[in-house]
Amino acid sequence: MSTERSEQVIDTCCTTVHTLGRQNAKKEKSLRYMQKDGKFPVMFQQAPGDWITYWIDIFTSLVEIRWRMMFLIFSLNNIVSWLLFGLCYWLIAHVNGDNDNADDDLCVSNVRDFTGAFLFSMETGATIGYGYRHVTENSIVAIILVTIQIVFSCILDTVVIGVVVAKMASARKRAQTVGFSRCAVVNLRDRVLCLSWRLGDFRGNHILEGVVSVQLIRYVKRPVGSIVITYQDLDIEEREIVLATPTTIIHKLEPGSPLYNMGPDDLMDNHFELVVSFTYTGDSTGILHQTRASYTSADIRWGQRFQDMLKMGKKHYKLDYSLFNVTTWVPVPFLSAEEYDRRGRPADGTTLLPIGKRNRHIAQVNLNISEEMILQTFL
């Protein structure tokens, strides 16, 4: 292949990609079914029961709220409980006339005003026990109240410890160290068009086993304003994965795939989203975790592949995670998999590359490729 011909092909490819990139930018502005970090942009309006459902499952509600809100709630719980119990101690002392009684007739020793009652309540609830203020045997009501406050404080401390431990071991925190690539790519594997994306574990204590699942989400707006959402599972080559090193998840564009009849231009005209998830058990805690990501048509790069990350050393496998989201251009037919199969897959070493666009149709030419034309693209 002549040098001029190669440069022409590369320039045309870049022009096509820039055009698709502008279309991708417009497509990216549309509302996603699921955000890139795995969160769903769903807002509930007039949910059944409103806040009652959150109070019924209060433990889960506390685990899901932000740290600053949790600390604020528990701080207020402690302060309010100390104030209420302090008020009760002050009422007991006031009814018993501790201000005028001798030391031997006091219900609560050294509690003669509300400030002293509050300090005694705080010492009891926090189990400080300075000993200066204490309940005497002269009032059974005060003894019962101290018992109730001690039990209540133990229950509150147990809830706080449980919520803090649950939040620290939250699946969402571990999921941040297991990630999918920012984009998906379409390229040839064994002369079959495949859609693929990367999955990697960024921690040293690797996950031994997990399960990958993929769903194609389509949502269409009705004239009346309602939205209809459909779900369709996609077949992938390997669902159960040992994630010791980053792996590539592959979906073959074969008959039966909902993407079988879509080419590069068709991807831009179809409004769909790929929701991918990886469910696994944490090796340190034994807790079930899930990492999620989504790819719209704007996130799919036709004619690219992920750059190799894994190298073999003398004693270790070496991984360069700076290349996790880096893709390179490869020769790929700018055709749908259906049309590619109908025309007949070319022999090894021969592929189809776009050399121009006329009336939204891509002209094709057969070229012998001695080595891949690579243009690094950094995300």
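**Group meeting: contacts and surface features in a predicted model**

The structure holds six aromatic pairs. One of them is formed by phenylalanine 278 and tyrosine 280: the ring centres are 5.0 Å apart and the planes meet at 25 degrees, so this pair is stacked. Both phenylalanine 278 and tyrosine 280 are buried. Before I go on, please keep in mind that this is a predicted model.

Let me move to strand 10, residues 272-281. Eight of its ten residues are buried, so the rest of the structure largely encloses this strand. Its partner is strand 11, residues 288-296; the two run antiparallel and are joined by nine bridges. To give one position, serine 277 has arginine 292 in strand 11 as its bridge partner.

There is also a contact that spans some sequence. Glutamine 215 and valine 275 are 60 residues apart along the chain, and their C-alpha atoms are separated by 5.3 Å. Glutamine 215 sits in strand 6, residues 207-221. With a relative accessibility of 30%, glutamine 215 counts as partly exposed.

Next, charges. How many salt bridges does a search of the whole structure find? The search finds four, and I will go through three of them.

Glutamate 123 and arginine 133 meet through their side chains, at 3.5 Å from N to O. Glutamate 123 belongs to helix 5, residues 114-125, while arginine 133 is in the loop between helix 5 and strand 2, so the salt bridge ties together parts that are ten residues apart in sequence. Are these two residues, glutamate 123 and arginine 133, buried or exposed? Both are buried.

The salt bridge between aspartate 308 and arginine 305 has an N to O distance of 3.9 Å. Here aspartate 308 is exposed, because its relative accessibility of 55% is above the cut-off of 50%. Arginine 305, at 22%, is partly exposed.

Glutamate 339 and arginine 343 form a salt bridge too, with their closest N and O atoms 2.7 Å apart. These two residues are four apart in helix 9, residues 337-343, so about one helical turn separates them. Glutamate 339 counts as partly exposed, with 23% relative accessibility.

A further charged side chain is found at a ring. Lysine 167 lies over the face of tryptophan 67, at 5.1 Å from the ring centre.

Now the surface. Which residues form a nonpolar patch there? They are Met69, Leu72, Ile73, Leu76, Val80 and Leu84, and together they have about 510 Å² of accessible area. Taking leucine 76 as one of these, its place is in helix 4, residues 67-96. Leucine 76 is partly exposed, at a relative accessible area of 45%.

Last, the backbone. Most residues other than glycine have a negative phi. Two residues are worth listing against that background. Asparagine 110 has a positive phi, near 65 degrees. Asparagine 110 is in the loop between strand 1 and helix 5, and is partly exposed with a relative accessible area of 28%. Arginine 191 also has a positive phi, near 60 degrees. The loop that holds arginine 191 runs between strand 4, residues 184-189, and strand 5, residues 192-201. Arginine 191 is partly exposed, with a relative accessible area of 40%.

That is the list; I will take questions now.

Terms used:
Residues are numbered from 1 along each chain as its sequence is written. This is a predicted model: local features need pLDDT of at least 70, side-chain atom pairs count only at pLDDT 80 or more; totals for chains, interfaces and linings use all residues. Side-chain values use heavy atoms; hydrogens and water are left out. Patches are made of residues with over 30% relative accessible area and no salt bridge: like charges are joined within 9 Å, nonpolar side chains (Val, Leu, Ile, Met, Phe, Trp, Tyr) within 5 Å. Accessible areas come from the Shrake-Rupley method with a 1.4 Å probe; for residues, only the protein chains shown count as cover. Buried means under 20% relative accessible area, exposed over 50%, partly exposed in between (1.4 Å probe, protein chains only). Two strands pair if DSSP finds at least two bridges between them. Rings of Phe, Tyr and Trp (its six-membered ring) pair if their centres lie within 6.5 Å; planes under 30 degrees apart count as stacked, over 60 as edge-to-face and the rest as tilted. A charge sits over a ring if NZ of Lys or CZ of Arg is within 6 Å of the ring centre and within 35 degrees of the ring normal.
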